[in-house]
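Here's a quick tour of one protein model, aimed at someone who likes to look at contacts and pockets before setting anything up. Have the viewer open and follow along.

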Amino acid sequence: MNDVILFDGLCNLCNNSVQFVIRRDPGRRFRFASLQSEFGKKFLLAHHLPENDYNSFILFENGSVFTRSTAALRVIKKLNGGWPVLYALIVTPRFLRDGIYNVVARNRYRWFGKRNACWVPTSELNDLFFD
């Protein structure tokens, strides 16, 4: 099974991040779902994660769930180009990484904007998305 990235479908930063990953993942190892989708809601419930907290970027990889900065770094590690070098930041204590992550997450709508509806992928990308 592919790795699954769950993201806030209303957040411009999150949607741009998904598009960033897609452009750097020619092997199509990632699949995507918004946290607001039926798939996302069922996933959160099944993994005992807060159902209405869309502040987290979630990666489901090999049966394990990763959130926030750890999820983002694990995704970066698998991208083409020079991006995997940033995985070295994993040695930074998680409370520091997630502290920075949390500041961005709390302010993402103010800084990057918010959509009225979840982003809809183009027909050629549709098979990468659940729901």
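## Around Thr67 and beyond

Once its neighbours within four places in sequence are set aside, Thr67 touches Ser56, Phe57, Ile58 and Arg94. Keep in mind that this is a predicted model. Thr67 itself sits in strand E4, which covers residues 64-67. With Arg94, there's a polar contact too: the two side chains are joined at 3.3 Å.

Is Thr67 buried or exposed? Its relative accessible area is 19%, and the cut-off for buried is under 20%, so Thr67 counts as buried.

Move along to Thr70, which belongs to helix H3. Leaving out neighbours within four places in sequence, the contacts of Thr70 are Ile90, Arg94, Arg97 and Asp98. Arg94 therefore turns up in the contact list of Thr67 as well as in that of Thr70, and Thr70 is classed as buried because its relative accessibility is 11%. Take Asp98 as one of those partners: 28 residues separate Thr70 and Asp98 in sequence, while their C-alpha atoms are 8.1 Å apart in space.

Here are the accessibility values for three residues discussed in this report.

| Residue | Relative accessibility | Class |
|---|---|---|
| Thr67 | 19% | buried |
| Thr70 | 11% | buried |
| Trp83 | 33% | partly exposed |

Trp83 brings us to the rings. How many aromatic pairs does a search of the whole structure find? It comes up with four. One of them is Phe20 with Trp83, an edge-to-face pair with 4.8 Å from centre to centre and 80 degrees between the planes. This pair links distant parts of the chain, since Phe20 is in helix H1 and Trp83 is in the loop between H3 and H4, 63 residues apart. Trp83 is partly exposed because its 33% relative accessibility falls between the 20% and 50% cut-offs.

Now for the pocket. The largest one holds about 750 Å³ of space. It's lined by 30 residues, and those closest to its centre are Ser17, Phe57, Ser69, Ala72 and Tyr101. Phe57 is also among the contacts of Thr67.

Which elements each supply at least two residues of that lining? They are strand E1 (3-7), helix H1 (12-23), helix H3 (68-76) and helix H4 (94-112). By type, the lining of the largest pocket splits into 21 nonpolar, six polar and three charged residues.

Conventions:
Residues numbered from 1 in each chain as written. Predicted model: local features only at pLDDT ≥ 70, side-chain atom pairs only at ≥ 80, totals over all residues. Heavy atoms only, no water. 1 Å grid on protein atoms, 1.4 Å probe; cavity = no way out; pocket = protein on both sides within 12 Å on 5 of 7 lines; lining within 4 Å. Points joined across faces, edges and corners; volume = space filled by probe spheres on them. Helix = DSSP H or I, 4+ residues; strand = E, 2+ residues; numbered from the N terminus. Nonpolar A, V, L, I, M, F, W, Y, C, P; charged D, E, K, R; others polar. Buried < 20%, exposed > 50% of the residue type's maximum accessible area, 1.4 Å probe, protein only. Polar contact = N/O pair within 3.5 Å; in protein donor to acceptor, adjacent residues only side chain to side chain. Contact = heavy atoms within 4.5 Å. Phe/Tyr/Trp six-rings, centres within 6.5 Å; stacked < 30°, edge-to-face > 60°.
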